[in-house]
Every structure is written in C-alpha cells, then in structure tokens.
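Colleague: I have just opened this one and have never looked at it before. Could you walk me through what is there?

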Amino acid sequence: MSKNEHLQLAASLLIFSCLLHVCSGDIGTAGQYAPPYLPTACYGNDVSKFPSSNLFASAGDGIWDNGAACGRQYFVRCLSAQTPGICKAGQIIKVNIVDRASRNGVMLVLSTIAFGAIANPSASFVNIEFAE
C-alpha cells in the first residue's frame, strides 16, 4: 500500500469510529410522572438520593436489571412524538435512576422537570435516545 492509501484508510477508520460513538445510544419510549416521588424502589424515603437538579427517572423493565439500575445515570434526548414539534431540539439531559417504572412498555419514566427539559410536557410519551 502506498502512503496515500494508508492515509485514506486511516481517515476512513477515524470517521467510522466517530460515527459509531455518536450512534451508540439505545432507542426507547419515555413517559413522565408527577409527585409524590417517594417512596422509591431504590431508596425508600431517602430524599437525599435525589439530584438537586430534579433530573431523575424510573427505570423500565428493559434497564431495571433486578435493581442494578439504581443510581445509574443516563443521557437522554427526545427524538420524536406522536405530535410534531413536541421535542425540544438539541436538548440532552442527564438523569439519575431512583425508582422502578410501574408502566409497561417504557424504557424510562422521567420526573416532570426532566421531561419538560427535553419535550413539551403536554405529551404523554416521547421516543428517546438514551445512553449510560
């Protein structure tokens, strides 16, 4: 291989690895829930485990992992909703898992503050991309 071919291969691999990193999130559905948030399946009535930002969520069955999800942090962004214009473009939040979701079919159930940070709160559910 010539030096030029090596450079082209290296550039292609670099671009490919960058694309893999950007597309590494999982896709799912998120809902929202309102107070009271206590007690939780993770921490009972211990409010000190909640982030001061109020950006927290309950884990759906797909990530609950028999309680191992407690304390995990996920980056979340809204992809789409049934009604166009619901998602807040470019908004990515980090949520802490504090509870187990009681709704079937959702990956995350976000606090009202967390949901409102990425989508119009008038929506019941949104499609999300999330990554630990």
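**Disulfides, strands and rings**

Modeller: Let me start with a cysteine link: C42 and C70 are joined by a disulfide, with an S to S distance of 2.0 Å. Please keep in mind throughout that this is a predicted model.

Colleague: Where do C42 and C70 sit along the chain?

Modeller: C42 lies in the loop between β1 and β2 (56-59), while C70 lies in the loop between α2 (61-64) and β3, so that the pair links distant parts of the chain, 28 residues apart.

Colleague: Is C42 buried or exposed? And what about C70?

Modeller: C42 has a relative accessibility of 19%, which is under the 20% limit, and therefore counts as buried. C70, with a relative accessible area of 24%, is partly exposed.

Colleague: How many disulfides does a search of the whole structure find?

Modeller: The search finds two disulfides. Besides the link of C42 and C70, there is one formed by C78 and C87, whose sulfur atoms are 1.9 Å apart. If the bonded cysteines are counted along the chain, the pattern is 1-2, 3-4.

Colleague: Which hand does each link have, left or right?

Modeller: The link of C42 and C70 is left-handed, with -80° about the S-S bond, and the link of C78 and C87 is left-handed too, with -50° about the S-S bond.

Colleague: And how buried or exposed are C78 and C87?

Modeller: C78 counts as buried at 9% relative accessibility, whereas C87 is partly exposed, with a relative accessible area of 23%.

Colleague: Changing topic, what do the strands build?

Modeller: Six strands form a closed barrel that runs β1-β5-β2-β4-β3-β6, with mixed pairing. On average, neighbouring strands of this sheet are turned by 45° against each other, if direction is ignored.

Colleague: Which strands does β6 pair with?

Modeller: Strand β6 (residues 125-131) pairs with strand β1 (residues 26-33) in the antiparallel sense over six bridges, and β6 also pairs with strand β3 (residues 73-80) in the antiparallel sense, over five bridges.

Colleague: Which residues could I click on to see that?

Modeller: For the pairing of β1 with β6, you could pick D26, whose bridge partner in β6 is F130. On the β3 side, F75 has A131 of β6 as its bridge partner, and S80 stands opposite N127 in β6.

Colleague: Staying with β1, what is Q32 doing there?

Modeller: Q32 is found in strand β1 and counts as buried, at 16% relative accessibility. A polar atom of the Q32 side chain lies 2.9 Å from the backbone oxygen of A123. Leaving out residues up to four places away in sequence, Q32 touches R103, V109, L110, T112, F115, P121, A123 and S124, and A123 therefore appears both in this list of contacts and as the residue whose backbone oxygen lies by the polar side-chain atom of Q32.

Colleague: Is there a residue in β2 that I should look at as well?

Modeller: You could look at A59, which is found in strand β2 and is buried, with a relative accessible area of 0%. Its contacts, again without residues up to four places away in sequence, are W64, A69, I97, D99, R100, A101, M107 and L108.

Colleague: How many angstroms is A59 from A30 in space?

Modeller: From C-alpha to C-alpha, A59 and A30 are 9.7 Å apart in space, and they are 29 residues apart in sequence.

Colleague: Last topic, then: how many aromatic pairs does the structure hold?

Modeller: The structure holds five aromatic pairs. One of them is Y33 with Y37, where the ring centres are 5.0 Å apart and the planes stand at 85°, so the pair is edge-to-face. Another is F50 with F56, where the centres are 4.7 Å apart and the planes are at 90°, so that pair is edge-to-face.

Colleague: Are those four rings buried or exposed?

Modeller: Y33 and Y37 are buried. F50 is buried with a relative accessible area of 13%, and F56 counts as buried at 1% relative accessibility.

Colleague: And which residues do the ring pairs link into a cluster?

Modeller: The cluster linked by ring pairs is made of Y33, Y37, F50 and F56.

Key
Residues are numbered from 1 along each chain as its sequence is written. This is a predicted model: local features need pLDDT of at least 70, side-chain atom pairs count only at pLDDT 80 or more; totals for chains, interfaces and linings use all residues. Side-chain values use heavy atoms; hydrogens and water are left out. Two strands pair if DSSP finds at least two bridges between them. Helices (H or I, at least four residues) and strands (E, at least two) are DSSP runs, numbered from the N terminus. Buried means under 20% relative accessible area, exposed over 50%, partly exposed in between (1.4 Å probe, protein chains only). A polar contact is a pair of N or O atoms within 3.5 Å; within protein, one must be able to donate a hydrogen and the other to accept it, and residues adjacent in sequence count only if both atoms are side-chain atoms. Contact means heavy atoms within 4.5 Å. Axes are lines fitted to C-alpha atoms, for helices over the stretch in contact, and angles run from 0 to 180 degrees between N-to-C directions. Rings of Phe, Tyr and Trp (its six-membered ring) pair if their centres lie within 6.5 Å; planes under 30 degrees apart count as stacked, over 60 as edge-to-face and the rest as tilted. A disulfide is a pair of cysteine sulfur atoms within 2.5 Å.
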